[in-house]
Amino acid sequence: MRLSRRNLLASATLAASASMAAVPVLSPHRAAPRHREPLRTGFERLAADGYAVLGGRRVGVVTNPTGITRDARHIVDVMHEDPRVELTAVFGPEHGFRGTAQAGGSEGRYDDPATGLPVYDTYLKSGRPLADIFTASGVDTVVFDIQDVGARFYTYIWTLYDCMEAAALAGKRFVVLDRPNPVTGRAAEGPVLHKEFATFIGRQPIAQAHGMTVAELARLFNGEFLTTPVPLETVRMTGWKREAFYDASGLPWVPPSPNMPTPDTALVYSGTCMFEGTNLSEGRGTTRPFELLGAEGIDGRWAAAAGELGLPGVRFREAYFAPTFSKFQGKTVGGVQIHVHDRAAYDPVRTGIALLVTARKVWDGFAWRPDDWIDKLTGSSRVRTMIDAGAGVDEVTGAWQTELAAFRRVREGYLLYK
């Protein structure tokens with residue numbers, strides 16, 4: 001079964017369709033539903049069970065500041081104090097275990113001042129070098145607990161993949177503690193990565209907005225992509241429904257990275273992060289990253305053009321801002337602010353494509369990043385070449401529907417929640 005799914009997905013990612021099918025809805029909005037039963041994260045269930053899954057094991061945890069309890073304590077601090085857990089190491093991803101590094105950075109190797117535990121740096125490490133780190137740490141079980149945001153190009157899910165692969169190489173057991181997908185798990189949307197465009201922002205062919213939790217992704221990675229599957233256990237949540245947004249969870253929000261300050265950022269991120277592949281600011285250096293987009297020379301025509309498309313669930317406001325770092329640092333630029341008023345109707349990937357199409361039409365300064373980073377973000381050269389050729393929103397989004405449908409079929413077999 002695993003091989004047939006792998007073959008289906010691999011072949012589908014090479015296909016492009018001219019289908020004009022309407023893009024299905026990603027997520028609900030209006031009033032966020034409350035859970036009929038209280039949501040309990042994977043860690044909450046692990047602790048309530050007396051850490052039985054970790055009994056007699058030397059444990060290392062892959063985590064960052066989002067690995068917290070409901071009362072905002074870090075799980076590393078909690079487990080370190082509990083005699084039932086032999087916690088011996090921590091592994092930090094991009095931005096670091098305690099979150100002190102900016103985008104594209106990490107904290108390196110150090111001893112955590114709060115616990116005295118050795119902290120190892122996993123950022124940009126994979127394969128045998130990462131396996132050697134697991135071996136040197138002396139752990140026999142690697143635990144993963146990081147809050148994801150639902151987008152293929154968010155690096156933590158590929159830290160998960162790399163750590164699973166390395167754990168298999170090192171002969172370690174792997175445990176994933178699940179957390180909610182903050183933008184729901186209702187559907188997968190957007191283009192599927194083509195393997196020749198694989199990077200750390202997309203190792204394997206999944207959709208741009210994958211609609212899965214980290215435990216579901218771990219099951220998918222193990223079943224479809226890892227050459228040698230890792231001994232995997234997932235501690236699933238209880239009380240989470242696929243249609244629920246983060247604000248229904250009752251959990252505190254900790255920014256998973258410096259430019260992901262709120263769940264609202266996560267809502268738009270899988271679409272507007274594509275602007276990293278252009279010469280426009282994606283709002284880094286503002287209080288509304290990925291909701292503010294702009295550049296010098298852009299005026300109100302962009303917001304007007306985007307508004308004329310009648311995209312569901314979203315409005316565009318002419319906006320001016322001065323980023324404090326990153327693109328256009330210290331300069332006042334013009335652009336748009338995205339205002340999502342109906343999460344039920346809003347599709348972030350389609351909206352992102354619409355903003356790219358209209359930006360290119362109304363601003364003669366529009367350009368892609370010279371390294372074609374947009375191709376890495378979207379998973380192929382198709383979005384860039386189609387927009388350059390004058391394709392409209394329906395044409396661009398219609399071109400990936402066949403491969404997206406194939407991914408959705410494969411994804412279905414790994415889902416844990418209704």
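This is a guided walk through one structure, stop by stop, with something to select at each. Keep in mind that the model is predicted.

**Stop 1: Ile146**

Begin by selecting Ile146, in the loop that runs between β5 (141–145) and α5 (156–170). Is Ile146 buried or exposed? With a relative accessibility of 0%, Ile146 counts as buried, since the cut-off for that label is under 20%.

Now show what surrounds Ile146. Setting aside neighbours within four places in sequence, Ile146 is in contact with Val62, Thr63, Asn64, Thr66, Pro93, Tyr156, Arg179 and Val214. To get a sense of scale, draw a distance from the C-alpha atom of Ile146 to that of Glu196: the two residues are 50 apart along the chain, and the separation is 28 Å.

**Stop 2: Asn64**

One of the contacts of Ile146 is Asn64, so select Asn64 next. Asn64 sits in the loop between β1 (58–63) and α3 (75–81). Its relative accessibility is 0%, and Asn64 therefore counts as buried.

Which side chain does Asn64 join through a polar contact? Show the side chains of Asn64 and Tyr156, and you will find a polar contact of 3.3 Å between them. Beyond four places in sequence, the contacts of Asn64 are His74, Pro93, Gly96, Phe97, Asp145, Ile146, Tyr156 and Pro256. Tyr156 and Pro93 are also among the contacts of Ile146.

**Stop 3: Thr155**

Go back to the loop between β5 and α5, and pick Thr155 there. Thr155 counts as buried because its relative accessibility is 10%. Turn on the side chains of Thr155 and Glu94 to see a polar contact of 2.8 Å. Apart from neighbours within four places in sequence, Thr155 is in contact with Glu94, Phe200 and Ile201.

**Stop 4: α5 against α6**

From the loop, move on to the helices. Select α5 together with α6, whose axes come within 10 Å and cross at roughly 45°. α5 and α6 are therefore oblique to each other, and α5 passes α6 in a right-handed crossing. On the α5 side, colour Ile157, Trp158, Leu160, Tyr161 and Met164; on the α6 side, colour Val214, Leu217, Ala218, Phe221, Asn222 and Phe225. Sorted by class, this contact has ten nonpolar residues, one polar and no charged ones.

While you have these residues coloured, a reminder about helices may help. An α-helix has 3.6 residues a turn, so residues three or four places apart point the same way.

**Stop 5: α6 by itself**

Hide α5 for a moment and keep α6 (residues 214–225). How many of its twelve residues are buried? Eleven are, so α6 is largely enclosed by the rest of the structure. To highlight them, select Val214, Ala215, Glu216, Leu217, Ala218, Leu220, Phe221, Asn222, Gly223, Glu224 and Phe225. The first stop touched this helix too, as Val214 is in contact with Ile146.

**Stop 6: α5 against α4**

Bring α5 back and add α4 (residues 127–137): the two pack at an angle of about 65°, with their axes 8 Å apart. That makes α4 roughly perpendicular to α5. The crossing of this pair is right-handed. From α4, pick Gly127, Arg128, Leu130, Ala131, Phe134 and Thr135; from α5, pick Asp162, Cys163, Glu165, Ala166, Ala167, Leu169 and Ala170. By class, eight residues in the contact of α4 with α5 are nonpolar, two are polar and three are charged.

**Stop 7: α8 and α9**

For the last helix pair, select α8 (residues 301–308) and α9 (residues 348–362). Their axes lie 9 Å apart, and the packing angle is about 135°. The two helices are therefore oblique to each other, with α8 passing α9 in a right-handed crossing. Show Arg301, Trp302, Ala305 and Ala306 in α8, which meet Leu355, Thr358, Ala359 and Val362 in α9. The class count for this contact is six nonpolar, one polar and one charged.

**Stop 8: Gly307**

Stay in α8 and finish on Gly307. Is Gly307 buried, exposed or partly exposed? At a relative accessible area of 44%, Gly307 is partly exposed. For a final distance, connect the C-alpha atoms of Gly307 and Leu355: these residues are 48 apart along the chain, with a separation of 9.8 Å. Leu355 is one of the α9 residues that you showed at the previous stop.

Conventions
Residues are numbered from 1 along each chain as its sequence is written. This is a predicted model: local features need pLDDT of at least 70, side-chain atom pairs count only at pLDDT 80 or more; totals for chains, interfaces and linings use all residues. Side-chain values use heavy atoms; hydrogens and water are left out. Helices (H or I, at least four residues) and strands (E, at least two) are DSSP runs, numbered from the N terminus. Buried means under 20% relative accessible area, exposed over 50%, partly exposed in between (1.4 Å probe, protein chains only). Contact means heavy atoms within 4.5 Å. Axes are lines fitted to C-alpha atoms, for helices over the stretch in contact, and angles run from 0 to 180 degrees between N-to-C directions. Angles under 35 degrees count as roughly parallel, over 145 as roughly antiparallel, 65 to 115 as roughly perpendicular and the rest as oblique. A crossing is left-handed if the near helix is turned anticlockwise from the far one by less than a right angle, and right-handed if clockwise. Ala, Val, Leu, Ile, Met, Phe, Trp, Tyr, Cys and Pro count as nonpolar, Asp, Glu, Lys and Arg as charged, and the others, Gly among them, as polar. A polar contact is a pair of N or O atoms within 3.5 Å; within protein, one must be able to donate a hydrogen and the other to accept it, and residues adjacent in sequence count only if both atoms are side-chain atoms.
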